[in-house]
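Me: Could you take a close look at one small part of this model for me, the little sheet, and then walk me through a couple of spots elsewhere in the chain?

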Amino acid sequence: MAKSYYITTPIYYINDVPHIGHAYTTCAADVVARYKRLRGYEVFFLTGVDEHGQKAQKAALEQGITPRVLADRMVPTFTDLWKLLEITNTGFIRTTDEAHRRVVHHLFQRLEEKGDIYLGEYEDWYCIPCEAYFTELQLKDGKCPDCGRAVERLKEESYFFRMSKYTDPLLRHLEEHKGFVMPEVRYNEVTSFVKGGLRDLSISRTTFDWGVPVPGNPKHVVYVWFDALANYLTGAGFLSDTERFGQFWPADAHLIGKDILRFHAVYWPSFLMAAGLPLPKRIFAHGWWTVNGQKMSKSLGNVVDPVETARTYGVDEFRFFLFREVPFGLDGDFSKDAIVGRINGDLANDYGNLLSRSANMIGKFQAGRLAGPAGQGGTDGALLERTTALVSDYEREMEVFGFSKALSAVFELTALLNRYIDTEAPWRLAKEDTARLATVLHNIWNGVRVATLLLHPFMPSKTASAWRALGMAGDIGRASFDEERSFYKPGDLSAIDRIPPLFPRREG
Ligand code: MSP
């Protein structure tokens, strides 16, 4: 049976249209999913929407509609975007799905029966946009420490989850699984938070009703984060598809933004421990995008629309930019100049030019055929050795979501190949030494093919065109990474020929 891999994105709130931040996490998960498929994994890739909670209820009220209608209207803005961006998710969850309500009920009751949920009273400072309570001490200048907005004093009867009980087990888990939270700076952040001791967590609300009712006490709705986090179980088939759940749980990776780290790396594992379920293997928190150096906000009117950006610059170019420009895990800045620079530099000049040069030469000098054996003469050995090392670098980085470093390895390879072409000068060999020409062109073809394969998870469409231009018959998405990563002599190959520039240069 194929190896299995389960990756998730956060489920997105439906009170607003998706922006670059949403596109970022989802594209990252798609890059990983595509890469893992090339490596022979059966991938379950889940995304979806988070429909409940006070924020959704408020937004709906402002528009004079019910939260359900609001959600129904907003879901297509997400699913259409994922289609546009060529996202290959295999699951899409809505927290209003009946299967999900059952999971939330089950989980709540399971913890209650265990004595890990009790009824009490809660009073503290509450931030509505973040859907989170804070103590006086946690506030920053009297405002929400996470988003900086005003908080309200709230008091309500509430169910509590005995999170305090999980301080030590969670610390132990962190200690024993250094890769549980990544990158390291986030691991340290979580560890020191847990070391400070966990407080019991309020997990129900009575001040509004848009949510999953607490089983047996419908005056309460389940706290939106308890509800939302459980999506990762529902999506994998918990309680509904035992076989799928057995195959895919625990999740291999939850990709999230750094702002929702505590929910994922503290609350979620505590809930799971209480339920006696295995914990996800890894939580990776990426950084935030700013725009031209400024925080993205509606009031500044600088929110980057992923639909418009992808239409302007191209889907593949946009996806590529997100991961080439900024190390995954750090904050990054979006600007027109930056994306245009990447398109003209990396894509048009380096990779695109290499591809068209190579295909054109093989077309022109050898009628689109590979003639000679791949060679080991002259600089060939060095080229081969270096390529193998760069592919290993790429693989190592992809395993730890080091996308920008993985891409650096690819561009080292394209530079290497461009230099090889300049040194070997096939146009001269065409006149002087056709046997050597055949070997050199064969090596170039192999190098460009490998570079194309490595770029595929980032740029699915353009690399598919490149793959065909290189004479490869099958679909690149179904290629086997293990077979294609090395230099070889192809059997069946259709004609390799001129291709129109894949990445036209852009004016600023
Ligand atoms: N509904 C919760 C998640 C529940 S998961 C069980 C939620 N939704 S959200 O729609 O507000 O945010 C989703 C993601 O978008 C978060 O991972 C967040 O980090 C990300 N981003 C929001 N703004 C961002 C940027 N400016 N840059 C990068 N990512 C950002 O939170």
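**The small sheet and two other spots**

Reply: Let's start with one pairing: Pro213 has Val221 of β11 as its bridge partner. Keep in mind that this is a predicted model. That bridge belongs to the pairing of β10 with β11 (residues 217-222), which is antiparallel and runs over 2 bridges. Zooming out, the sheet is an open one of 3 strands, ordered β9-β11-β10, with antiparallel pairing. β9 (204-205) and β10 (213-214) sit at the edges with a single partner strand each, so one side of each has no neighbour in the sheet.

Now for the helix. α4 covers residues 98-113, 16 residues in total. From first C-alpha to last it reaches 22 Å, close to the 22 Å expected at 1.5 Å a residue. Its buried residues are His100, Val103, Val104, His105, Leu107, Phe108 and Leu111. As background, an α-helix has 3.6 residues a turn, so residues three or four places apart point the same way. Among the buried ones in α4 you can pick out His100, Val103, Val104 and Leu107. After α4 comes Gly115, with a positive phi near 85°.

Last stop, a loop: Arg39 lies between α1 (20-38) and β2 (41-50). Is Arg39 buried or exposed? Arg39 is buried, because its relative accessible area is 16%, and the cut-off for buried is under 20%. Beyond its neighbours within four places in sequence, Arg39 is in contact with Lys3, Glu395, Phe481, Asp482 and Arg485.

Methods
Residues are numbered from 1 along each chain as its sequence is written. This is a predicted model: local features need pLDDT of at least 70, side-chain atom pairs count only at pLDDT 80 or more; totals for chains, interfaces and linings use all residues. Side-chain values use heavy atoms; hydrogens and water are left out. Two strands pair if DSSP finds at least two bridges between them. Helices (H or I, at least four residues) and strands (E, at least two) are DSSP runs, numbered from the N terminus. Buried means under 20% relative accessible area, exposed over 50%, partly exposed in between (1.4 Å probe, protein chains only). Contact means heavy atoms within 4.5 Å. The expected span of a helix is 1.5 Å times one less than its number of residues.
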